[in-house]
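This report turns to the aromatic rings of the structure shown below and to how they are arranged in pairs.

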Amino acid sequence: MASVSPAIAGAHEHLESQVRWRTLEVVFWLSTLLPFVVTPNYLVLASQIAITALFALSLDLILGYAGIVSLGHAAFFGFGAYTAGLVAKHGWGEPLSGLLISGIAAGLLGYLMSFIISRFRHLALIMITLGFGLLLLELANSASGLTGGADGLQGVKMWPLFGIFRFDLYGVTAYWYSLIVLFLLFLVSRRLINSPFGLSLRGIRENAVRMRAIGAESRPHIRKIYTISAAMAGVAGATLTQTTETVSLGVLNFERSADILVILILGGAGRLYGGLIGAAIYMIARDWFSGINPQYWYFPIGVLLIAVVLFLPNGILGGLAQLVNSERGQRWFGWLTGPLPWRRNS
Amino acid sequence: MMTSVLGVLFDGFAYGMLLFLLSVGLSVTLGMMNFVNLAHCTFGMIGGYVTVTLMNSWGWPFLATLPMAFIAAALISVLFERTMFRRLYRATDLDQCLLTIGLVFVSVAVAAFVYGTIQQPVQLPSYLRGSLRVGDLTLGVYRIFLIVFALVVTAALVAALEFTRFGAQVRAAVDNQRMARGLGINVDSAFAITFALGSGLAGLGGALAIDIVGLDPSFALAFLVYVLIVVAVGGLGSIGGTFAAAMLLGISDMAGKYYFPAIGSFLIYLVMISLLMWRPAGIFGRRT
C-alpha cells in the first residue's frame, strides 16, 4: 500500500485512512477469544487483563493523547468500583444498568475535577492529581459505615447477566462480559481519537499555547476528554466489582495509579493498543511471579521502567512500530499493518 | 489543655524539621533544573540504612554514623545523576517521573531483599533518650536535639547560599538558568554539587528519622508524598518557603493525628490541594 502522506492529503483523508481497520487489528481482536479455547483455566486472569486494559485505555485518552499527566487516576476507577458495589449491595444487582450508573457517577466526578485539572500543568498538576487520589482513598477509609473501610465492601451480590448468565467461579461470563465492555469502549475511543476532536487533543499535547493562537481553546477540550476518561475508568472499576463481587480499598490506592501508568508507558502511550498490550504483559508477568514476595515484584518493574524511559521512549509498541515502518519491515509485515485485503483498493 | 497544645506544637515542630531536612534538597534541585526527582526519598532511605548498619553491625556510636549517612547518600546520588538523571534534563515531566519512580521501586525491592521488610531497630545513646520537664510540659530529649541540629543545618545552608560565591551561582541558576549560563556560570557542575548536597541532607534526614517514624523499605514511597507536598506548597527553589511549608505540614499533621485521628490525613491533602489551587507555584514561589 502506498501510504498517503498526511502532509499532502487533506486532514479529512488522513483521518479516514486512520479509521480503516487494519489486518493486524482484526487478528488482535480475534486472538482475544483464544483464552476460551487454549487456557480455559485462566479465564479469571483474562478478565482481569481486559479490565486493566480498559483502565489503561482510559488513562491513554488523557495522558497519551491530551498530554495530561495523572498520578491519581485510580480515583475514578475506585469511585466506579464503589458505586457499582453500593448499588448492588442495596438491592439492585442488575449488571448492565449498574455499569451505566457507575460510569455516569465517575464521569460526573471527572467533570467536576476537570475544571481544576484544565487550569494546571507540570508539577502542580502532578501534585493535584496525586493529592486528589489520596483524598478519595482517605475518604473511603474513614467513611467505613458506607464503604466498609479497610475490611472492604461486603455483601455485593450480582444478578445473572440478562437474567441468564451467572457470574461463575471459572470466569467464563466474567471474561465475556469484560471483553465485550472493553471492545465497545475501545470502539468509542478509536472513533474519538480519529475525529477532528482527537486531532485537536494531539495539538494540545504538542503545544497548548499554539493551539490557542490558532483559535482552538484548550480548556473545553481538556474538560471533555477528562470527563470521558473518568467515565471509562469508572466503568472499568465497576466491571471489576461486578465480576469479583467484592470491593476493597485497593481499588483506590496509589499503587494502582502507579501501576496503570507503568502499564501504559510499557505498552506505549499515545497508541490505542499500547495500554492493551501493556496490560496483558504486565498482568501475565505478575501472575507468573505471584509466588514471590510482592515487595520483590517491584524490582523487575522498576528496572523495566528505567529501561523503557532510557532506551524505548515510545514503549513496546513504539519500538515495534519503528521496526515495522523501516523499509525491510514494510516488505515483511506491511500486509499486517495495511488495511484488510478485500478493502485494499477502496 | 494548654500543655497538650504546646506538646503537639513541639512534636509537630520537630517533625517539621525532619521534613525540612528531607525535602530542602529536592526543592533546590527542582528549582534549578526543573528535574522532578521522585527518588529523592530513596537517598533518605539510604542514609537511614547506613546508620542502622554502622550501629548494629559495626558498633559505631549514633552521632558518628550521621556524617557517614550524609556522605553515602551524596555519593550514591552523584552516581545516579551522572549515569541517568542528566540524560533527562530536557525530557518531559512524565519521563522524569517514570525514571525516578522506577528507581524508587528498585530501591524498595533491594532494601526489602537485603534488610527484610521489618522495622529496623536503633538504640539511641543514653544522653539522647528520656525527656525533660519544663513546667507542665514533657519534651523528648531526642526531639530537642533534632530541632537544634536542624536549625544549625538550616542556618549553615542559608549562610552558604547568601554569602558564598557558590551560593550566588546557585541562586542565579534557580532564578534564571539560561541567563546564568549566558553569564558564564557552569550551571551543570553547580547543579551536580547542589544535587549531591541535597541528597546528602536527605540521607541525614533519613538517619535522624529512624527514631521518630521508623525505617522499613516503604520509607522511600511513604515519605515521597510528604516531601512532594512540602516542595510544591513551599515553592521551588525557595529555602524559606520550604522551611515554612515543612513546619506547617509537620504541625498540622501532628495536630490532625492528635485531635482528629479519623480524618487527619484527609485534612492534609485537602489543605494541599486548596493551597495549590490558590497559588500553583507554592506559597513563596515566584514562577508559575
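## A tilted pair in chain B

In this predicted model, B:Tyr142 has 5% relative accessibility and therefore counts as buried (under 20% relative accessible area, with exposed over 50% and partly exposed in between, for a 1.4 Å probe and protein chains only). B:Phe145, at 19% relative accessibility, also counts as buried. Both residues lie in helix H5 (residues 141-163) of chain B, three residues apart, about one turn of the helix; helices are DSSP runs of H or I with at least four residues, numbered from the N terminus.

Local features need pLDDT of at least 70 and side-chain atom pairs pLDDT 80 or more, whereas totals for chains, interfaces and linings use all residues. Side-chain values use heavy atoms, without hydrogens and water, residues are numbered from 1 along each chain as its sequence is written, and chains are lettered from A and ligands numbered from 1 in the order in which they are written.

## Aromatic pairs across the structure

Over all chains, 29 aromatic pairs are found, where rings of Phe, Tyr and Trp (its six-membered ring) pair if their centres lie within 6.5 Å, and planes under 30 degrees apart count as stacked, over 60 as edge-to-face and the rest as tilted. One of them joins A:Phe76 and A:Tyr226 edge-to-face, at 5.6 Å centre to centre and 85 degrees between the planes. Because A:Phe76 lies in helix H5 (residues 74-89) and A:Tyr226 in helix H12 (residues 218-244) of chain A, this pair ties together parts that are 150 residues apart in sequence.

## A cluster in chain B

Ring pairs link B:Phe35, B:Phe43, B:Phe80, B:Phe85, B:Tyr89, B:Phe191 and B:Phe195 into a cluster.

Technical notes: Helix = DSSP H or I, 4+ residues; strand = E, 2+ residues; numbered from the N terminus.
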